[in-house]
Amino acid sequence: MKLKTKLQVSAALALILFVAATNVFVYVVYENDSWSSEVSRVSNQAEATAEQLSAAIEDGSGLDGIIQANLPGNGMVRIINYEEETIHTSTREPRFSEFPPHFTNAQASRTLVTEDDERFVFTYKPLIWENGNVVTLEVSEHLQGMEENMEVLRYILVAASFIVLIPAVLGGWVLGAIILRPINGLISTMKNIQEKGNLKPIKSKRRSRDELQQLIGAFNEMVERLEREFDKQDQFVSDASHELRTPLTVIDGYATMLKRWGKTKPEVLDEAIEAITEEGARMKHLAEQLLLLVKDGEYLQLDPEHFHLDAVLQKAARAMETATQRQIHFQVSQAPTVYADVEKVKQVLYIILDNALKYSDKAIDVSVWQENRAAYVSITDYGAGIPEADQARIFDRFYRINKARSRGDGGTGLGLSIAAKLMEAQGGRIKLDSKVGAYTTFTIEIPIGEGAEMK
Ligand SMILES: Nc1ncnc2c1ncn2[C@@H]1O[C@H](COP(=O)(O)OP(=O)(O)OP(=O)(O)O)[C@@H](O)[C@H]1O
Ligand SMILES: [Mg+2]
């Protein structure tokens with residue numbers, strides 16, 4: 001069912017229920033009110049008749065005249081003795097004799113609605129009769145006036161219900177159209193985007209800040225984010241293929257050279273083998289890093305454990321020292337235990353130590369300490385430094401400050417972006433402080449994690 005139809009049907013149903021309930025209420029209240037005024041009217045008349053009859057009985061004058069004078073137009077006056085026999089009946093409507101006589105020595109009244117919706121009221125008054133016995137004076141009336149009134153009221157209420165419903169249904173229809181027009185506009189814009197395949201935000205001239213405008217806003221935000229993500233992906237793919245093309249070109253060049261001169265010139269052979277091996281290694285490194293970056297989900301699959309951060313750092317530093325024959329000074333002011341994924345922390349340490357060794361010639365300073373709920377590792381080198389303009393960007397994929405220089409060092413520009421991602425996944429971060437020509441300090445912050453101090 002369309003939204004518009006749903007709105008219309010539910011609004012109309014609600015209104016029908018409401019109007020019906022109101023009309024039933026009005027009808028019942030009016031009916032009760034009519035009954036009580038009719039009963040008290042007939043009751044008053046019975047009272048008056050009883051008084052006149054009592055006076056006539058005392059005087060010994062004729063009773064018939066009084067009864068005739070008090071006989072309602074479409075009613076009956078009856079005198080009933082205690083054996084429930086009728087002593088006297090006066091009526092112009094013979095059908096009143098259908099109603100059985102009823103004796104009571106208390107004042108009373110009752111109403112009756114027949115199956116044909118005829119309404120009657122019966123009132124009873126006790127009276128001392130001529131023979132000294134208590135009898136019941138019954139005055140009853142067929143309430144044709146009330147019947148007519150109730151019928152007219154029914155017609156009026158039913159007609160009023162329809163009259164109210166017509167504008168309500170029409171109003172619902174118009175309102176639905178007004179509300180849904182912008183939604184339909186939205187749908188056609190979305191379809192258009194889908195068909196033409198270009199991600200474009202929806203242009204809206206609407207000024208209100210209603211839900212619809214919020215929906216458009218949310219959609220536009222989503223489109224912009226998707227656009228950014230797609231751009232990033234495009235950039236990543238083109239950067240990656242570019243990075244792969246360079247070593248492939250070198251390998252291809254040397255392979256051609258080998259084919260031509262390899263067998264006759266041994267010096268060409270050596271140069272080519274060295275270059276091909278180097279480029280092969282670079283490609284392998286690049287491929288591994290790309291794999292790491294692409295496997296986004298795996299970063300979030302952390303395998304945390306308790307470990308001594310200083311011990312892990314020391315081990316990594318010693319390994320690098322041995323591999324590069326360089327000096328790394330180690331300083332531990334505190335030995336924090338952290339609860340984190342040790343393999344991922346190690347990887348980050350290797351990436352930063354590798355940079356420090358690669359982009360400087362002097363000894364490296366490493367220290368570890370703890371502050372509040374976090375452990376810190378800082379790695380400082382005294383090399384070229386990182387210009388302020390580049391500091392924010394070196395964490396981007398493939399970003400290298402001096403491409404020519406970095407190429408010589410075999411960098412792909414992926415290390416820091418991987419490190420930043422790994423730390424982010426653990427709730428930590430990497431801070432950078434550097435001065436060109438003086439020093440570069442990378443500081444890793446690792447949250448201590450749950451229960452780490454208890455160990
Ligand atoms: N300690 C440092 N001193 C000076 N420059 C640095 C330092 N660390 C990183 N950089 C600069 O930041 C860039 C990005 O570093 P990153 O580690 O991401 O890539 P890379 O070292 O070039 O390649 P790899 O992916 O092999 O690590 C480097 O190319 C370099 O220009
Ligand atoms: Mg690096």
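**Reading burial, charge and backbone angles**

Q: E279 is buried, with a relative accessible area of 8%. With which residue does E279 form a salt bridge?

A: Please keep in mind that this is a predicted model. Here E279 forms a salt bridge with R282, and the closest N and O atoms of the two are 3.3 Å apart. Because they stand 3 residues apart in helix α5, about one helical turn separates E279 from R282. R282 is buried as well, with a relative accessible area of 13%.

Q: How many salt bridges does a search of the whole structure find, and which residue does E118 meet in one?

A: The search of the whole structure finds 17 salt bridges. In one of them the side chains of E118 and R95 meet, at 2.7 Å from N to O. E118 sits in the loop between β3 and β4, while R95 sits in the loop between β2 (86-91) and β3, so this pair ties together parts that are 23 residues apart in sequence. E118 counts as buried because its relative accessibility is 17% and the limit for that word is under 20%, whereas R95, at 24%, is partly exposed.

Q: Which helix holds both R318 and E321, and how should I read their burial?

A: Both residues lie in helix α7 (residues 309-324), 3 residues apart, which is about one turn of the helix. Their side chains meet in a salt bridge of 2.8 Å, N to O. As for burial, R318 counts as partly exposed at 35% relative accessibility, while E321 is buried, with a value of 18%. Elsewhere, salt bridges that share partners join E31, D117, R119 and R154 into one network.

Q: What is the phi of D117, and where does this residue lie?

A: The general idea is that most residues other than glycine have a negative phi. Phi of D117, however, is near 65°, a positive value in a residue other than glycine. D117 is placed in the loop between β3 (108-113) and β4 (119-128), and it is partly exposed, with a relative accessible area of 28%. F398 also has a positive phi, near 65°, and its place is the loop between α9 (388-391) and α10 (403-409). F398 is buried, with a relative accessible area of 4%.

Q: What phi does G427 take, just after α11, and which residues of that helix are buried?

A: G427 takes a positive phi of about 80° just after α11. Within helix α11 (residues 415-425), the buried residues are G415, L416, S417, I418, A419, L422 and M423.

Q: Which residues form a positive surface patch, and which form a negative one?

A: The positive surface patch is formed by R225, R228, K232 and R397, and of these R228 lies in helix α4 (residues 211-261). A negative surface patch is formed by E267, D270, E271, E274 and E278. E271 is found in helix α5 (residues 266-294) and is partly exposed, with a relative accessible area of 43%.

Q: Is E138 buried or exposed, and what does it touch?

A: E138 is buried, with a relative accessible area of 0%, and its place is in strand β5 (residues 134-142). Not counting residues up to four places away in sequence, E138 touches M76, V77, R78, I80, F122, T123 and Y124.

How values were computed
Residues are numbered from 1 along each chain as its sequence is written. Chains are lettered from A and ligands numbered from 1 in the order in which they are written. This is a predicted model: local features need pLDDT of at least 70, side-chain atom pairs count only at pLDDT 80 or more; totals for chains, interfaces and linings use all residues. Side-chain values use heavy atoms; hydrogens and water are left out. Patches are made of residues with over 30% relative accessible area and no salt bridge: like charges are joined within 9 Å, nonpolar side chains (Val, Leu, Ile, Met, Phe, Trp, Tyr) within 5 Å. Accessible areas come from the Shrake-Rupley method with a 1.4 Å probe; for residues, only the protein chains shown count as cover. A salt bridge is a side-chain nitrogen of Lys or Arg within 4 Å of a carboxyl oxygen of Asp or Glu. Lys and Arg count as positive and Asp and Glu as negative; His and the chain ends are not counted. The place of a charge is taken as NZ of Lys, CZ of Arg, CG of Asp or CD of Glu. Helices (H or I, at least four residues) and strands (E, at least two) are DSSP runs, numbered from the N terminus. Buried means under 20% relative accessible area, exposed over 50%, partly exposed in between (1.4 Å probe, protein chains only). Contact means heavy atoms within 4.5 Å.
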